[in-house]
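Could you walk me through this structure in plain words? I'd like to know what to look at and in what order.

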Amino acid sequence: MIMRTFAIVFVLFCTLAAAQTEPTVVIRPTEIDDILVNPGMGIETFNRFSGQPLNEGVKWSEVGPEKPLPDTAPGTVDFPESSVAYLRWFWSQLEPQPGKYRWEIIDNALAEAHRHNQRLAIRLMPYDDKHPLPDWYIHSGARRANKPTDKDGEIWSPDSGDPLFIQSWSAIVSEMGKRYDGHPDLNHVDISTVGYWGEGWGPYLPDWTVQQQLIDLYFQVFPRTHLLMNFDQLQALVYGTKHGAGWRLDCWGDMGRPFKNFAHMLDLYPEQIARGHLQDVWRTAPVALESCGVPESWKQWGFSLKPILDQALRWHASTINIKSSAIPPEWRAQFNEFQKQIGYRFVLKKLEYPAQVGRGSMAQINMWWFNAGVAPVYRDYLLALSIGDTVVPLDTDIKQWLPGDSIYENTVPIPWELKPGKYRLRVALLDPRTRTPAIRLAIGVRQSGGWYDLGDITVK
């Protein structure tokens, strides 16, 4: 018995010794400086899709398209390539008659986003100063908050505390959630409640309990979709982000316009973030910025571009809406560098693996990753190796890859089905639904299918 135990221990020792003497391959991929267009980040298109005509000058429309828009010839639109299309529609567009929803508008937008290799971000807006509430609602007997003779009397503003408003608005939001929550081509949804554009501010706000109820509804009907809370009212902003929403603001770039003794970037936004203790929201939920005016407006107002871009990086922004307007040519180089920093940017710095592995054995795999962006990725993606055509998923949560360094060190099972021979070892970040490469890395040797070729590995 003693001799048999000794023999077993000796064999194990020899096996371990052999494994320890197996040559280790060390790969240091070449980092690239390209702009990377990746899911859920970057400069958005607004109320249109990639490759479609830009807005002219410094004007844009808040009215989202109701049918597919024409594309232009490839390469004729001078605008950053985009992975997110952001569209907004008014209530009257989607529910022209009570309970009769025009979901084909959003269905078409999702299909168009998919066709243009984008994901869709959306907001449903109750009304604004130019686009009234649905006519049927105005004549439903619902309470009005203002009078025709008031300064803002030309637009019919609802009493948002009216049970009829709460019921009617909640109904369309609920139906939207039932239909679209978790859709693979839906990137995020704005939490829209009361006031102009649904931004939750204005002179006719309901009691906080009503606002809270309307915010809660989004978390109930969109549990699988990223939600963004508008920035204007601090109490609502803090409440939404504490329940898991990211945040968005819509006057990024306002450094103080002529004849105004106020600047959103200097007098409101940084202070509100500090008051609300929102500095770390970006770690778990996305931050989205919308320009005040458009970049050409900034130029006309005499703003310096660098502090505007730097502030977006300090806020760890993932998506930027400049309203599908042209970037002034003299600022394009700065925007190009800016695009390389917003969102996430994954660099594989080093890979270590054994030169030879046995079928059915466990192989030690070590990786050093670096996120050169300012935010994490907020969706689940699957880190995987491929040995030849065999995909080997790795157990790690890449949502935890915050800006800076991350390490993957683990033993990985080598599939039995591999035949002995020499293979190429590749790496990719896969969409867990399709199991296909989904994220571009900031390294070279990318193959046509999206995998990154790294080195040889021999299977015995």
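Start with the second largest pocket, and look at which elements build its wall: β7 (246-252), α8 (264-275), β8 (287-291) and α9 (295-301) each supply at least two residues of the lining. Among these contributors, α9 gives the largest share, with 3 residues. Keep in mind as you look around that this is a predicted model. The space in this second largest pocket comes to about 720 Å³. It is lined by 30 residues, and those closest to the centre are Trp60, Glu62, Trp197, Asp250 and Lys323. Sort the lining by class and you get 14 charged residues, 9 nonpolar and 7 polar.

Let's stay with Trp197 for a moment. You'll find Trp197 in the loop between β5 and α6 (208-221). Its backbone has a quirk: phi is near 60°, a positive value in a residue other than glycine.

Now hop over to the largest pocket, which holds about 1,000 Å³ of space. Here 43 residues do the lining, and Val37, Ser83, His116, Asn117 and Gln118 are the closest to the centre. What does the mix of classes look like in this lining? There are 20 polar residues, 15 nonpolar ones and 8 charged ones.

Asn117 deserves a closer look too. Asn117 sits in the loop between α3 (104-115) and β4, and its phi is near 60°, again a positive value in a residue that isn't glycine. Is Asn117 buried or exposed? With a relative accessible area of 70%, Asn117 counts as exposed, because the cut-off for that word is over 50%.

Time to step back and see the barrel. How many strands close into it? The count is 8, and you can trace them in the order β2-β3-β4-β5-β6-β7-β8-β9, with parallel pairing. Going from one strand to the next, the twist averages 30°. As a bit of background, strands of a sheet pair through backbone hydrogen bonds, and the pairing can be either parallel or antiparallel.

For a single pair to zoom in on, try β3 (residues 84-90) and β4 (residues 119-125): they run parallel and are joined by 7 bridges. Within this pair, Tyr86 stands opposite Ala121 in β4. Helix α5 (residues 163-180) packs on the sheet, where α5 touches both β4 and β5 (186-191). Compare directions and you'll see that α5 makes about 165° with β4.

Note on methods: Residues are numbered from 1 along each chain as its sequence is written. This is a predicted model: local features need pLDDT of at least 70, side-chain atom pairs count only at pLDDT 80 or more; totals for chains, interfaces and linings use all residues. Side-chain values use heavy atoms; hydrogens and water are left out. Two strands pair if DSSP finds at least two bridges between them. Helices (H or I, at least four residues) and strands (E, at least two) are DSSP runs, numbered from the N terminus. Axes are lines fitted to C-alpha atoms, for helices over the stretch in contact, and angles run from 0 to 180 degrees between N-to-C directions. Contact means heavy atoms within 4.5 Å. On a 1 Å grid over the protein atoms alone, a cavity is a set of points where a 1.4 Å probe fits but cannot get out, and a pocket is an open set with protein on both sides within 12 Å along at least five of seven lines; lining residues have an atom within 4 Å of a point. Grid points are joined across faces, edges and corners, and a volume is the space filled by probe spheres set on the points. Ala, Val, Leu, Ile, Met, Phe, Trp, Tyr, Cys and Pro count as nonpolar, Asp, Glu, Lys and Arg as charged, and the others, Gly among them, as polar. Buried means under 20% relative accessible area, exposed over 50%, partly exposed in between (1.4 Å probe, protein chains only).
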